[in-house]
Amino acid sequence: MANAASGMAVHDDCKLKFLELKAKRTFRFIVFKIEEKQKQVVVEKLGEPTKSYEDFTASLPADECRYAVYDFDFVTEENCQKSRIFFIAWSPDTARVRSKMIYASSKDRFKRELDGIQVELQATDPTEIGLDVIKSRAS
C-alpha cells in the first residue's frame with residue numbers, strides 16, 4: 001500500500017530479504033533504492049555474510065540517496081558476542097533535493113515495514129557512518 005505522504009510502496013522483496021537477514025543471517029547488508037517511476041522501494045544490492053563493513057559503505061552511491069540495513073557483529077566488554085541491526089538513511093549533501101525530500105518523507109513508513117531494526121543512523125557523508133560511529137552506537 002502506498003504511503004500517503006510520499007506515495008511510495010514497499011516491494012515485498014524488501015521485507016522478505018530483511019527477514020532473511022534478521023532470522024537466518026543470509027546477508028550482511030541490504031541496500032534499498034526508491035524507484036521513482038514505479039513509486040516503490042526495491043532491493044538494490046545484497047551483501048553476502050562474508051562482506052566487510054568497508055564493502056557495505058562502498059556500495060552506497062556518493063551522490064544518491066539510499067536506505068540500508070547492516071547486521072553488525074561485535075564483542076562486548078564482557079566478551080559476549082552480540083549483533084545489532086542498523087537502519088541507515090543515506091542522504092549525501094550532493095544528492096538532488098527532490099531525491100532527498102522523497103527519501104526523507106518515505107523513511108518512517110519504510111522503516112516500520114522492517115520489524116527488528118535496533119539502531120537508526122542518518123548520514124550525509126561517509127564520516128557519519130564510519131566504523132567507530134557504528135561501534136559506539138551498537139553498545
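# Close-up views of a predicted model

**View 1. Helix α1 has the span expected for its length.** Helix α1 covers residues 12-24, and its 13 residues should span 18 Å at 1.5 Å a residue; the end C-alpha atoms are 18 Å apart, which agrees. The expected span is 1.5 Å times one less than the number of residues. Helices (H or I, at least four residues) and strands (E, at least two) are DSSP runs, numbered from the N terminus. This is a predicted model: local features need pLDDT of at least 70, side-chain atom pairs count only at pLDDT 80 or more, and totals for chains, interfaces and linings use all residues. Residues are numbered from 1 along each chain as its sequence is written, and side-chain values use heavy atoms, with hydrogens and water left out.

**View 2. Helix α1 has a buried side and an exposed side.** Which residues of α1 are buried? They are C14, K17, F18 and L21. These residues cover an arc of only 100 degrees around the axis, which puts them on the same side of α1. The arc is that of the directions from the helix axis to the C-beta atoms. On the other side of α1, D12, A23 and K24 are exposed. Buried means under 20% relative accessible area, exposed over 50%, and partly exposed in between (1.4 Å probe, protein chains only). The cover over the buried residues of α1 includes β1, β2, β3, β4 (66-75), β5 and α3.

**View 3. K22 is a partly exposed residue of α1.** K22 lies in helix α1. Its relative accessible area is 32%. Leaving aside neighbours within four places in sequence, K22 is in contact with I85, D115 and G116. Contact means heavy atoms within 4.5 Å. K22 and D55 are 33 residues apart in sequence and 19 Å apart in space, C-alpha to C-alpha.

**View 4. Six strands form an open, mixed sheet.** The strand order is β1-β3-β2-β4-β5-β6. The edge strands are β1 (9-10) and β6 (119-123), and each pairs on one side only. Two strands pair if DSSP finds at least two bridges between them. Strands of a sheet pair through backbone hydrogen bonds, either parallel or antiparallel.

**View 5. Strand β3 pairs with both β1 and β2.** Two bridges join β1 to β3, and these strands run parallel. V10 has V41 of β3 as its bridge partner. Seven bridges join β2 (residues 29-35) to β3 (residues 40-47), and this pair runs antiparallel. I34 also has V41 of β3 as its bridge partner. V31 is partnered by K45 in β3.

**View 6. A turn of four residues links β2 and β3 in a hairpin.** K39 lies in this loop. The phi of K39 is positive, about 55 degrees. K39 is partly exposed, with a relative accessible area of 45%. K39 and H11 are 28 residues apart in sequence and 9.8 Å apart in space, C-alpha to C-alpha.

**View 7. R25 and N79 have positive phi values.** Most residues other than glycine have a negative phi. R25 is not a glycine, yet its phi is positive, about 55 degrees. R25 comes just after α1, in the loop between α1 and β2. R25 counts as partly exposed, at 36% relative accessibility. N79 lies in the loop between β4 and β5. The phi of N79 is near 65 degrees. N79 is exposed, with a relative accessible area of 65%.

**View 8. Helix α3 is bent.** Helix α3 covers residues 97-113, and its 17 residues should span 24 Å at 1.5 Å a residue; the end C-alpha atoms are 25 Å apart, which agrees. Where does α3 bend? The bend is at K107, by about 50 degrees. A bend is the angle between axes fitted to the seven residues ending at a residue and the seven starting there. The buried residues of α3 are S99, I102, Y103, S106, K107, R109 and F110.

**View 9. β5, α3 and β6 make a right-handed β-α-β unit.** A crossover is right-handed if, with the strands pointing away from the viewer, the path from the first strand over the helix to the second runs clockwise. Five bridges join β5 (residues 81-90) to β6, and the two run parallel. A89 stands opposite Q122 in β6. Side chains alternate along β6. V119, L121 and A123 point to one face and are buried, while E120 and Q122 point to the other and are not.
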